[in-house]
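Colleague: Could you take me through one part of this model in some detail? I would like to see how its helices sit together.

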Amino acid sequence: VHSPSVVSPQGYSSSAGGFGRLREFTDQESNMCLMMNRVVDMANPERHTVYLTVSLFVTFLSNNKMNPSSDEKQIAKKQSVLFRHFNTLLGYSNTEKCFTIPPARLRKSAVCNAFLSGIPEILDQNLTVGNQILNIILQLLVHLPSPQKLASDQQAATYSLSLLSQHQRHLWLNSIILVLYKYRFDQQPVSEYIVRLIGILLKTLQNHSHECVDESEESKDITSWSIPMENSDNEEDRLVRPESLTVTSIAEESDECIRMVPSSRKGRHKESSSRAPSTTSSNQSDLDHTMVLRCERCNEKLEVFDEESISLSLIALSTFLQRETAMAAPMLLKIILAVTRVVHRPLYPWHDSEVFVIANCRSVAKQIMRVILHQLSTSGIALQLFDSPLKRDDPLWSVVAYSLNDFTDLSPVFFMQLLFEDISEEWPSSLSLILRNLSLYIVHVSPDSFLNQWNNLVTAIETFFRTAHSKMTLDGGRKPTAADLHNAITVVTTTMRVQNYSSFKSSVSLAESFGKWMGETLHDSPVLLEDLLAVCTACNRALIRERDKQTLSRAMIAELMQAIRFKCSLHAQNYLTIARMILQDSGEDVDSSFPDDEYNTAASEAVRPHLFEIIDFIADLHVLAKLKKEVSEVGDAGDIKVWLAEIVAVEMSRSSARDCRTVIRFIPWLMSPPSVTQAPPGAFADSVTNVRVLSWLLLGSLSANAACLPVPIECSQHMADYIHFVLAGFADQSKQSVVHMSALFHAFHLCQLWTVYCERASTFSSPTAFSHLLDFWSRVTPAILQLLSHSKVLADMVNLHFLNTMQALQSVNSALLCRLYAMWSPILTAYHSAVPNQLRMKLDASENQPTLSPPPLTEWLKKVRFKIAQVELQTSAASPFYNV
């Protein structure tokens with residue numbers, strides 16, 4: 001071997017007699033083999049000479065003039081022999097087709113480092129030689145960064161480039177880029193090595209932006225690519241940035257050194273140290289003590305690479321994807337997610353600024369994201385990406401929107417347009433993932449830019465929901481889930497907030513199509529009140545014409561009306577949710593977490609044409625029995641009725657006039673109670689129905705704000721006349737039907753509710769309410785006493801209801817009870833010298849109950865509406881009803 005002082009690489013790079021020199025190398029091939037034992041000796045004093053000699057040989061190989069011509073076949077054979085011997089020098093077994101030197105030793109080998117430094121030049125300048133030695137180059141690139149301890153270990157390519165020095169890593173990356181750019185790699189065995197090298201690149205980018213998640217996944221083709229589902233709870237807490245951590249351990253590593261990163265948060269992690277076990281063997285040098293940065297959550301080593309390494313890795317991935325898209329398809333999602341991490345987590349503070357810094361890795365990643373999406377835009381990439389099971393907090397969607405935001409060839413709005421075009425070509429079997437990911441993406445797209453493209457997108461979204469509605473209404477059509485509904489509402493709400501939405505040609509059509517789809521979805525899936533308020537408010541504010549503004553609110557109310565007509569069924573929660581939306585628009589405090597000025601659905605206006613229908617529903621004795629089949633619980637069915645009653649009560653109380661015009665409009669029969677002496681046939685049954693309706697209206701009123709007074713206090717006399725008529729006719733009518741038997745129960749409960757209603761009015765708005773209440777009881781009490789005189793059995797029944805009334809007034813701390821208790825107590829002893837034992841206990845409990853802090857009125861109202869609902873159910877079950 002020539003001394004480097006005699007032979008220089010430059011002399012061979014331009015020599016016309018390259019093959020003469022090659023013969024000299026060939027003649028000395030035996031001498032090169034003798035170097036083998038000394039090459040792997042790390043303490044070899046001639047390492048520098050070996051390095052320069054191999055560098056000279058590599059420089060010679062990079063000269064494209066040394067390629068043998070057709071008449072130099074013999075030289076080609078000798079060249080092949082030379083390459084075989086050089087492989088042996090590298091530590092590669094030509095017979096076993098694998099390296100016989102562990103990667104840790106190879107990384108420190110002079111021959112390997114000299115060869116690695118010349119690989120990019122060979123691959124770039126001499127394609128003939130490059131193709132001849134491509135396999136050994138690729139195997140070396142796979143083997144060199146491996147953490148395996150023994151050469152015989154079968155190490156999968158699940159490691160990064162962290163074990164290479166920065167210089168080695170740059171040479172490694174430039175080599176793979178040149179292979180991907182200039183050479184064919186679509187056939188075995190080269191393709192197998194390329195896939196493994198791409199896996200190393202991906203692992204490098206993934207480790208650079210560490211996440212405490214399971215990265216294992218199966219490779220699938222582009223039509224079925226997927227990643228493992230993750231829990232969406234507290235995912236943000238699991239993301240750890242390396243620059244926020246400190247050294248967590250000191251490990252013994254003989255062949256690697258993990259660079260430390262300054263910590264910005266002290267005291268979060270503990271430092272621990274350990275020393276290499278002492279050895280007495282004379283032939284073992286001591287292990288190096290190196291600092292290892294580890295994650296505090298999963299204890300994985302954290303790796304931070306320089307900016308050029310990250311940029312070169314990204315360029316390699318992009319080149320691979322551009323050259324062989326089909327080959328990259330199984331790992332396409334991994335590539336996109338790896339690029340996403342680099343954009344999402346800036347390496348340096350200036351990466352996150354608006355100032356453009358040339359050649360920073362974040363700019364490279366952003367550009368590559370654009371290239372990938374634009375290159376595959378006609379290959380269904382949008383549908384594949386939106387149909388992938390990503391975590392809810394995955395940064396992909398914000399990164400895609402950020403990357404495309406100033407990209408003229410593919411805007412973030414047009415990317416959604418591509419999605420709907422892909423869907424129209426091939427309708428997916430399930431829309432869940434698509435709606436979920438679309439809802440996560442669309443919130444990051446600017447509503448004030450790309451208005452022409454938004455116009456086209458609105459048309460595409462309208463077509464999508466119109467088609468989805470027609471498909472779900474077919475027999476066997478898949479029904480959307482609650483999550484689908486939530487995500488769809490997010491998409492439509494965000495779309496309707498786009499600037500100048502009303503000017504888009506399909507703006508109204510989208511509201512109508514989505515209203516139909518959403519209405520159908522409400523049959524089986526619950527909707528959140530916040531979502532319902534948001535989308536109806538967005539529609540109300542986005543459109544111009546009054547009727548168009550109420551499109552979604554009217555659609556929701558129409559579904560509620562269909563449900564209470566029993567022409568369709570709603571999910572149990574949706575009855576109350578739609579009712580709460582109406583009440584919220586009326587100014588009621590349905591939920592303290594919703595600011596009154598944030599939502600404006602116009603639902604209170606949209607429901608007005610249906611108020612009489614709601615009153616008929618309240619009056620129907622049998623609706624609770626039908627509702628119970630839908631909502632299963634008596635209390636839930638009663639809640640639906642009382643919330644609807646509250647809607648009517650609030651609307652009736654809107655009038656500021658102190659007369660009875662609203663009563664005449666909605667419940668005119670209250671102004672003309674039947675006469676005891678001249679009652680027409682059926683008057684008693686009608687009166688019981690009216691008493692029930694009044695009870696539900698008062699329940700609704702008392703459940704609303706204090707200002708809700710649907711029945712003027714001045715109607716107290718008519719209220720008393722109705723109760724008087726029912727009590728007066730009960731003795732004769734009660735035996736005729738089960739409905740008549742429940743009259744006594746409803747009459748006394750109306751007395752309780754009217755008493756509480758008047759007392760609340762006297763507190764908040766009406767100074768004459770209490771005097772009207774006293775007049776009410778002065779009319780009702782004689783009717784009670786008259787009923788006591790019929791018989792002892794009837795008297796016991798009346799006394800039980802009367803005592804329940806006293807207990808109820810006691811529980812709400814009624815002022816009336818204090819005024820009339822002395823007069824009412826003797827009523828209980830009408831047929832007895834003392835209060836009967838069965839009533840004594842209840843009376844004692846009432847007298848002994850503390851009244852300083854009565855329970856909230858809402859608790860009492862719940863009990864009353866449950867009792868009324870229970871009695872209506874029992875009465876309905878015993879009383880047949882007919883559908884004409």
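Colleague: To begin with one residue, does Ser311 count as buried, partly exposed or exposed, and at what relative accessibility?

Modeller: Happy to help. Please keep in mind that this is a predicted model, in which local features need pLDDT of at least 70 and side-chain atom pairs count only at pLDDT 80 or more, while totals for chains, interfaces and linings use all residues. Residues are numbered from 1 along each chain as its sequence is written, and side-chain values use heavy atoms, with hydrogens and water left out.

Ser311 counts as buried, at 8% relative accessibility. Here buried means under 20% relative accessible area, exposed means over 50%, and partly exposed lies in between (1.4 Å probe, protein chains only). You will find Ser311 in helix H14; helices are DSSP runs of H or I with at least four residues, numbered from the N terminus. Leaving aside neighbours within four places in sequence, Ser311 is in contact with Ala359, Asn360, Cys361 and Val364, where contact means heavy atoms within 4.5 Å.

Helix H14 (residues 307-323) also packs with helix H12 (residues 190-208), at an angle of about 140° and with the axes 10 Å apart. The axes are lines fitted to C-alpha atoms, for helices over the stretch in contact, and the angles run from 0 to 180 degrees between N-to-C directions. H12 and H14 are therefore oblique to each other: angles under 35 degrees count as roughly parallel, over 145 as roughly antiparallel, 65 to 115 as roughly perpendicular, and the rest as oblique. The crossing of H12 past H14 is left-handed, a term used if the near helix is turned anticlockwise from the far one by less than a right angle, with right-handed used if clockwise. On the H12 side, the contact is made by Ile194, Ile198, Leu201, Leu202, Thr204, Leu205 and His208. H14 contributes Ile310, Ser313, Leu314, Ala316, Leu317 and Phe320. By class, the residues of this contact are 10 nonpolar, three polar and no charged. In this scheme Ala, Val, Leu, Ile, Met, Phe, Trp, Tyr, Cys and Pro count as nonpolar, Asp, Glu, Lys and Arg as charged, and the others, Gly among them, as polar.

Just ahead of H12 there is a backbone detail to look at. Gln188 and Pro189 are joined by a cis peptide bond, with omega about 0°. Pro189 belongs to the loop between helix H11 (166-182) and H12.

For another pair of helices, turn to H25 (residues 529-542) and H28 (residues 572-585), which pack at an angle of about 55° with their axes 10 Å apart. This pair is therefore oblique as well, and the crossing of H25 and H28 is right-handed. Leu529, Leu532, Leu533 and Cys536 of H25 meet Thr577, Ile578, Arg580, Met581 and Gln584 of H28. The contact of H25 with H28 has six nonpolar, two polar and one charged residues.

Two loops beside H28 hold residues with a positive phi. Phe566, in the loop between helix H27 (551-564) and H28, has a phi of about 65° although it is not a glycine. Phe566 is partly exposed, with a relative accessible area of 28%. Ala602, in the loop between H28 and helix H29 (603-606), has a phi near 60°. Ala602 is buried, at a relative accessible area of 5%.
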